[in-house]
Amino acid sequence: MARSGGMRIDTSDAILAETIGVLRDKFGWDGYRLLFAREELRKLANVVVPLQTLYVIDDPDDNHVIECAVAAGSEYIVTNDKDLLRLVEYRGIRIIRAAEFLQRGQATER
């Protein structure tokens, strides 16, 4: 989510590649379905190009998430990844579960 006040979904090519790999390897999606999913995700999200390589967590895929959030100027990283959640915050970016993020959204609508 961008700091500008409106909600925006940010991703990067590295995150998209990981997502497509999971859909292929764990869920058995075929090539056409994967191609369609990649294109739809690119339309839905703001694709950023991280300018820094960060080594915050041992898992490179988790570091890609942090790199993306830093490059996008995100206010939140919304995840269920335990390693990311243990950080709680990185450079002012809050790391929270989806349920907490949705609760925050409902509270601000009132």
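Reading along the sequence, you get the pattern β-α-α-β-α-β-α-β-β-α, which comes to 5 helices and 5 strands. Keep in mind that this is a predicted model.

What about overall dimensions? The C-alpha atoms fill a box of roughly 40 × 35 × 25 Å along the principal axes. The radius of gyration is 15 Å, which agrees with the value near 13 Å for a compact globule of 110 residues. Of those 110 residues, 32% count as buried. As for contacts between residues at least 6 apart in sequence, 42% of them join residues at least 24 apart.

On the outside, the protein exposes about 7400 Å², with carbon and sulfur atoms supplying 53% of that area. Charges come as 15 positive and 18 negative side chains, and the centres of the two sets sit 4 Å apart.

Side chains of opposite charge can pair when their charged atoms come close. Here, a search of the whole structure turns up 6 salt bridges, including these:

| Salt bridge | N to O distance |
|---|---|
| R42 and D13 | 2.7 Å |
| R24 and D25 | 2.8 Å |
| E100 and R94 | 3.4 Å |

Take R42 and D13, which meet in a salt bridge. R42 belongs to helix α2 (residues 31-44) and D13 to helix α1 (residues 13-25), so the pair ties together parts 29 residues apart in sequence. R42 is partly exposed at 34% relative accessible area, and D13 is partly exposed at 44%.

In the R24 and D25 pair, R24 is partly exposed at 43%, while D25 counts as exposed at 56%. For the remaining table entry, E100 is partly exposed at 29% and R94 is partly exposed at 27%.

Conventions:
Residues are numbered from 1 along each chain as its sequence is written. This is a predicted model: local features need pLDDT of at least 70, side-chain atom pairs count only at pLDDT 80 or more; totals for chains, interfaces and linings use all residues. Side-chain values use heavy atoms; hydrogens and water are left out. Helices (H or I, at least four residues) and strands (E, at least two) are DSSP runs, numbered from the N terminus. The radius of gyration is taken over C-alpha atoms; the globule rule is 2.2 Å times the number of residues to the power 0.38. Buried means under 20% relative accessible area, exposed over 50%, partly exposed in between (1.4 Å probe, protein chains only). Contact means heavy atoms within 4.5 Å. Accessible areas come from the Shrake-Rupley method with a 1.4 Å probe; for residues, only the protein chains shown count as cover. Lys and Arg count as positive and Asp and Glu as negative; His and the chain ends are not counted. The place of a charge is taken as NZ of Lys, CZ of Arg, CG of Asp or CD of Glu. A salt bridge is a side-chain nitrogen of Lys or Arg within 4 Å of a carboxyl oxygen of Asp or Glu.
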